[in-house]
Amino acid sequence: MTNKDILLEVIGDAGERFVPELTGKKKKHSVLKWSALGGVCAAAVIVCVIVLIKMNKNESAISPYVNLPQIGNSNTKSGTDKINPTIRFGEMGFEGLMAYDISELDTPNPWNPDLKLSSLPVYRNLAYNDFGEMVYLSEEQMREIAKNTASALKVDVIDTKITYVKDFEQGEVPDEILKSIYRIDVNCSDNTTITVYGDGQIKIEFERNTLPSGYNFSHNSTSKEEAQKVMNYLSDKYGRLLHYDNALCFSIADRSFSGVENRSYYVYDRSDELVQSILNYNLSFSKFAPDDNGDLLCIWLNNPLCVSEYLGDYPIISVDEATEQLMNGKYFSSVPGDYIRNGRISKEGIAKIELVYRNNKVEYYQPYYKYYVELDSAAFNMADGLKNYGIFYVPAIDSEFLEEYKYFGEY
Amino acid sequence: MEDLHIIELYWQRDESAIKESQTKYGGYCSTIANNILHSEEDSEECVNDTWLRAWNTMPPEKPSRLAVFLGKITRNLAIDRYRRDRSQKYGGGQAALCLDELGECIGEDTPIEDRLALKELMNSFLSSLPDKNRNIFLLRYWYMMSVAEIAKRNGMSEGAVKMVLQRVRDKLRAYLEKEGVGI
């Protein structure tokens, strides 16, 4: 390669702050507080801030999902259908969390290894299909959700735009899916936009939603205590929308390779009933996101069980049994084998275990044991002392009730 | 969709991130690729590869400016393709012209070995330029935009743009010579 080739490449690596906008579209919000990081923030980590708030629900408010079936666990039955536990991770990248210590990754997961659960419910995701488009709800149902959301926010609906799958998808996708509604966007009187997706997920984007002074709401420069204060305020302010009885707020802070935190903000409805709490924590949570100026950018509301079918309660294996499977390579993970210390997971390498329901475009909402395994630090160019924890999943459902499958990590 | 949301979709391993990227930045990245390759077909391939590369890098990366982040990926992919095809005289876009022009700024007698040092020098050089000149320089050598396009975008004559580029190149050459790079 000649020197001028190298010069051309080096110009391509010019600091992002120098590169002029080409889109011609002005940024709505100005400078990112963490832009000094050169745009290289990374990985996942978590510092949890927990606060229990008695919601100040307005009696006149209704849940956005009020007219959809709400699955409780009052009428339980034993599951008989076999469940496919296979996890599809997408094509590239791997799931890993970086922290200086595993204690930074504490979460308010209502499950802990000391709890002895013999069974847990499993649901079929009715919005799932093999073509990757999460669609199920009718136009009428989606409009109803949007209307209820607008009502909870006390804003008026101005206009509505419908996006069908066929608007962006082509190829060998069945007509039934192509004709389905992917999402509905509703513009509201204060320029708030409410988007309802075909699987019931709601996104609310605000044009400018400034928090009162005294709140520090950011991805990178908010402490654990400040995050707690922000979420106290926001979950109270949006109590009509969330419609939770007992809102449990927590923040999730991840670290980049250079060790900088990146915080996310969540709230879920903590129930006195353990299984309901587990379901709410994993599936029916809400997420709040700040913008570059510390204003509230958007809220995501999740409630996948409103488009799900209850299949029954299934027996689950113990943590010890799951750990045994993990050590024998019977797990699902996107972590490349090269990153595992000595090529094999050891008990000493397991830093943390959780029980979770995955909620990312899955066919079944089913429990997994989630393992945080410290990876070979030599494989990563990280700040001194930083650790990278790879994520490994072992199905929690007793194998008798699982379809035949092949583990990704099978030795 | 806001950039932060798109990045979040990548982090959630939600493949609609690619859809949203295509919607918002497909045209932008196509422009960059086409500037370099001067071929719609090759540019489209580069842009498609851009989403996959972005998928592969987020996480762990969380770009502060998604447009530039994606544009940089497209630029690198297009330059790689340009290099691969250059021996076959394929392409004929702005890359060849840009390379010729940059040849004025740097000698070939001493091969550059320390790219990191050169990168630091380049950033230092860019920070020393007036905003307008820096933008014109980067429109030409980062985006590889034609002189005519730059002139139109900035409301200048092509001659005036060429003059600015010539002056910045002269200044860069002097700067690199002073630092002992690629004499």
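Start with I353(A) and Y371(A): Y371(A), in β15(A), is the bridge partner of I353(A). Keep in mind throughout that this is a predicted model.

**Stop 1: β13 and β15**

Widen the selection to the two strands. β13(A) and β15(A) run antiparallel and are joined by seven bridges. Now colour β15(A) by burial. Eight of its eight residues are buried. Look at one side of the strand and you find P367(A), Y369(A), Y371(A) and V373(A), while Y368(A), K370(A), Y372(A) and E374(A) sit on the other. Both faces are covered. The split follows a common pattern: in a regular strand, side chains alternate between the two faces of the sheet.

**Stop 2: across to β16**

Select residues 387-395 of chain A, which form β16. This strand is antiparallel to β15 (residues 367-374), with seven bridges between the two. Two pairs are worth labelling. E374(A) has Y389(A) as its bridge partner in β16(A). K370(A) stands opposite Y393(A).

**Stop 3: on to β2**

Next, add β2(A). It pairs with β16(A) through four bridges, again in the antiparallel sense. Pick A99(A) and look across to K387(A) in β16(A), which stands opposite. Is β2(A) covered or open on its faces? Both faces are covered. G96(A) and M98(A) are buried on one side, and L97(A) and A99(A) are buried on the other.

**Stop 4: the whole sheet**

Show the four strands together. They make an open, antiparallel sheet of chain A in the order β2-β16-β15-β13. Which strands lie at the edges? They are β2 (96-99) and β13 (350-357), each pairing on one side only. Ignoring direction, neighbouring strands are turned by 30 degrees against each other on average.

Now bring in helix α7, residues 319-327 of chain A. This helix packs on the sheet and touches β13, β15 and β16. The direction of α7 makes about 110 degrees with that of β16(A).

**Stop 5: helix α6**

Select residues 274-282 of chain A for α6. The run S277(A), I278(A), L279(A), N280(A), Y281(A) and N282(A) is buried. To see part of the cover over the buried residues, display β9 (261-269), β10 (285-290) and β13 of chain A.

**Stop 6: the cores**

Turn to the nonpolar cores. The largest has 94 residues. Those with the most contacts inside this core are V122(A), A146(A), I194(A), V196(A), V267(A), F392(A) and A396(A). Centre on V267(A). Beyond its neighbours within four places in sequence, V267(A) is in contact with M231(A), S235(A), L242(A), A247(A), L248(A), C249(A), F285(A) and S286(A).

Apart from the largest core lies another, of 59 residues. Among its members are V19(A), A17(B), C46(B) and A95(B).

**Stop 7: where chain A meets chain B**

Show both chains. Here 43 residues of chain A are in contact with 50 residues of chain B. On the chain A side, the elements giving two or more residues are α1 (3-12) and β11 (296-301). α1(A) gives the most, with nine residues. Colour this side of chain A by residue type: 25 are nonpolar, 12 polar and six charged.

**Stop 8: zoom out**

Finish with chain A in full. Chain A holds seven helices and 16 strands. Of its 411 residues, 43% are buried. For a contact map, take the contacts with a separation of 6 or more: residues 24 or more positions apart account for 73% of them.

How values were computed
Residues are numbered from 1 along each chain as its sequence is written. Chains are lettered from A and ligands numbered from 1 in the order in which they are written. This is a predicted model: local features need pLDDT of at least 70, side-chain atom pairs count only at pLDDT 80 or more; totals for chains, interfaces and linings use all residues. A nonpolar core is a set of buried Ala, Val, Leu, Ile, Met, Phe, Trp, Tyr and Cys residues joined through C-beta atoms within 7 Å. A residue is buried if 20 or more other C-beta atoms lie within 10 Å of its own, exposed if 12 or fewer, and partly exposed in between; C-beta atoms are placed from the backbone. Two residues are in contact if their C-beta atoms, placed from the backbone, lie within 7 Å. Ala, Val, Leu, Ile, Met, Phe, Trp, Tyr, Cys and Pro count as nonpolar, Asp, Glu, Lys and Arg as charged, and the others, Gly among them, as polar. Two strands pair if DSSP finds at least two bridges between them. Axes are lines fitted to C-alpha atoms, for helices over the stretch in contact, and angles run from 0 to 180 degrees between N-to-C directions.
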